[in-house]
Amino acid sequence: MQPLNRTDCEALDLADPLRQFRDRFHLPQGLIYLDGNSLGAMPKSVPARIARLLEAEWGDDLIRGWTKDGWMDLPLAIGAKIGSLIGAGEDETVVADSTSVNLFRVLGAALKLRPDRRVILSERTNFPTDLYIAQSLAAMMGADYTLRLVETDEIEAALSPDIAVVMLTQVDYRTGRQWDMKRITALAHRAGALTVWDFSHSAGVVPLDFDGDEADFAVGCGYKYLSGGPGAPAFLTIARRHLRPTEMPITGWLGHAEPFAFEPGFRAAEGIGRARVGTPPILSLAALEVGVDLVCEATVPALRAKSIRQTELFAALAAQELDGFGFSLASPAAAGQRGSQVSMRHVHGWPITQALTAANVIGDFRAPDIVRFGFAPLYVRYVDVWDAVAALKRIMVERQWDQPQFRAAPTGVT
Ligand SMILES: *Cc1c(COP(=O)(O)O)cnc(C)c1O
């Protein structure tokens, strides 16, 4: 086979049915951004949307905005749109709070549906906040509740009769490995357990069939592939069959059947509205909706098709250009088994990532040795994939990473 070159990548961009979406994002000139899985890029129409909200809605409409401008319905309206991206029905998803807090709430709800069982099962390598949340919930539920952690390949064998809930992140943040949601859900149900899925690295880029796979509960992030902005509100999804029996562990007035009746006792709203707690963050929701609308317009199947081609291209170019430099693939080799990222291990992963950033290529590093590249197909071009690998090759050939400013120990968020 002929080696791939930059012209091949330009041809792929020309033939890309999603190519016009890139123009709808603000991206700094000359920057190659392969971190949309950590913070999605800003859609260009966000500033105008926020300005309109500030001036015409908050400014002029004031309190009337809650009805006149549809503020009160935004969490459910955007929830329905996100639901359509993850295979959930109309009234199963609501936007609220953060992924961490939503996880606490759905885990608590799920545990209450399995009152005879005391164990939350997860994998040791799950995203730490998910584990911390489960630990804090178990501690609050009582001394006999525990979070049981096993290795990834031990999950199926660990489905013993004491498991109340299996809690997994559908696409692993480090390796990009995907769980087969249908299979694990079926096995969990056969063992009498419920499932809680974290779609943070899946929503908006990986096709999901929440209803079809008979999943029970899910949460996910608004600021990654959904491009909702830094700290965007997250979502939570509850299968319709669980809605009525579900008791949320935190009940607030907006989850009440009639919030403005101001009754002293809680009565849950019908449907997913019962999972609301307090007054929604309208400024943040307005920004999130712009990103979600772009994903809906592009459609997840089209995004997935491009994402697969991009991760395959990256893996092929890495094999072609970086052979002998000490990288090994940390993601599954088959594109169908990973999300929209490719991760590579390297003993010098941290300084390499730093040198890449200095070269205007933003990926990220996850300890101890993973260099991670996310491909947000709404705005990443095929030539970006080429240019990123070319920059990486230059850094390796010239040993650019081996400089004191890049070798300083990792600090904070990158
Ligand atoms: C990004 C991410 C989160 C983020 O949680 P926050 O509450 O928004 O900080 C949680 N879980 C997983 C798996 C993630 O990838």
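Helices and strands here are DSSP runs, with helices of at least four residues and strands of at least two, numbered from the N terminus. With these names in hand, the description below follows a predicted model, starting from a loop that carries an unusual peptide bond. Pro368 sits in the loop between S14 and S15, and the peptide bond that joins Ala367 to Pro368 is cis, with omega at about 5 degrees.

The two strands on either side of this loop belong to an open sheet. Four strands make up this sheet, in the order S11-S12-S15-S14, and their pairing is antiparallel. S11 and S14 are the edge strands; each has a single partner strand, so one side of each lacks a neighbour in the sheet. Further in, S12 and S15 (residues 370–374) run antiparallel and are joined by 5 bridges. Met344 can serve as a landmark for this pairing, since its bridge partner in S15 is Val371.

Two residues in this part of the chain deserve a closer look. Asp364 is part of strand S14 (residues 364–366). Its relative accessibility is 0%, and because buried means under 20%, Asp364 counts as buried. From Asp364 to Gly374 the separation is 10 residues in sequence, while their C-alpha atoms are 8.7 Å apart in space. Ser340, in turn, is found in the loop between strand S11 (328–329) and strand S12 (341–345). With a relative accessibility of 1%, Ser340 is likewise classed as buried. A polar atom of the Ser340 side chain lies 2.5 Å from the backbone oxygen of Phe375.

Beyond the sheet, Val383 is located in helix H12 (residues 382–397). Its relative accessibility of 8% places Val383 among the buried residues. Val383 and Pro280 are 103 residues apart along the chain, and 40 Å separates their C-alpha atoms.

Elsewhere in the model, strand S8 (residues 194–198) offers a good view of how a strand can be covered. S8 is mostly covered, with 5 of its 5 residues buried. In a regular strand, side chains alternate between the two faces of the sheet. In S8 both faces are covered: Leu194, Val196 and Asp198 are buried on one side, and Thr195 and Trp197 are buried on the other.

S8 also has pairing partners that can be followed residue by residue. Strand S7 (residues 163–169) pairs with S8 in the parallel sense, over 5 bridges. Within this pairing, Val166 has Thr195 of S8 as its bridge partner. Helix H7 (residues 181–190) joins S7 and S8 in a right-handed β-α-β unit. S8 pairs with strand S9 (residues 217–220) as well, again in the parallel sense, here over 3 bridges. In that pairing, Asp198 has Val219 of S9 as its bridge partner.

Asp198 leads on to the ligand, as it is one of the residues around the ligand. Among the others are Ser98, Thr99, Ser100, Phe127 and Thr129, together with Asp130, Thr169, Ser200, His201, Tyr223 and Lys224. Sorted by class, this shell holds 2 nonpolar, 7 polar and 3 charged residues. Helix H5 (99–113) and helix H6 (128–141) each contribute at least two residues to the shell.

Three side chains make polar approaches to the ligand that are easy to inspect in the structure. A polar side-chain atom of Lys224 is 2.6 Å from a ligand oxygen atom. For Asp130, an N or O atom of the side chain lies 2.8 Å from a nitrogen atom of the ligand. His201 places a polar side-chain atom 3.2 Å from an oxygen atom of the ligand. Taken alone, the ligand exposes 390 Å², of which the protein buries 86%.

Finally, two residues other than glycine have positive phi values. Leu62 has phi near 50 degrees and lies in the loop between helix H2 (46–61) and helix H3 (65–68). Its relative accessible area is 49%, so Leu62 is partly exposed. Asn360 has phi near 70 degrees and is found in the loop between helix H11 (349–358) and strand S13 (361–362). With a relative accessible area of 36%, Asn360 is also partly exposed.

Notes:
Residues are numbered from 1 along each chain as its sequence is written. This is a predicted model: local features need pLDDT of at least 70, side-chain atom pairs count only at pLDDT 80 or more; totals for chains, interfaces and linings use all residues. Side-chain values use heavy atoms; hydrogens and water are left out. A residue is near a molecule or strand if one of its heavy atoms lies within 4 Å of it. A polar contact is a pair of N or O atoms within 3.5 Å; within protein, one must be able to donate a hydrogen and the other to accept it, and residues adjacent in sequence count only if both atoms are side-chain atoms. Accessible areas come from the Shrake-Rupley method with a 1.4 Å probe; for residues, only the protein chains shown count as cover. Ala, Val, Leu, Ile, Met, Phe, Trp, Tyr, Cys and Pro count as nonpolar, Asp, Glu, Lys and Arg as charged, and the others, Gly among them, as polar. Buried means under 20% relative accessible area, exposed over 50%, partly exposed in between (1.4 Å probe, protein chains only). Two strands pair if DSSP finds at least two bridges between them. A crossover is right-handed if, with the strands pointing away from the viewer, the path from the first strand over the helix to the second runs clockwise.
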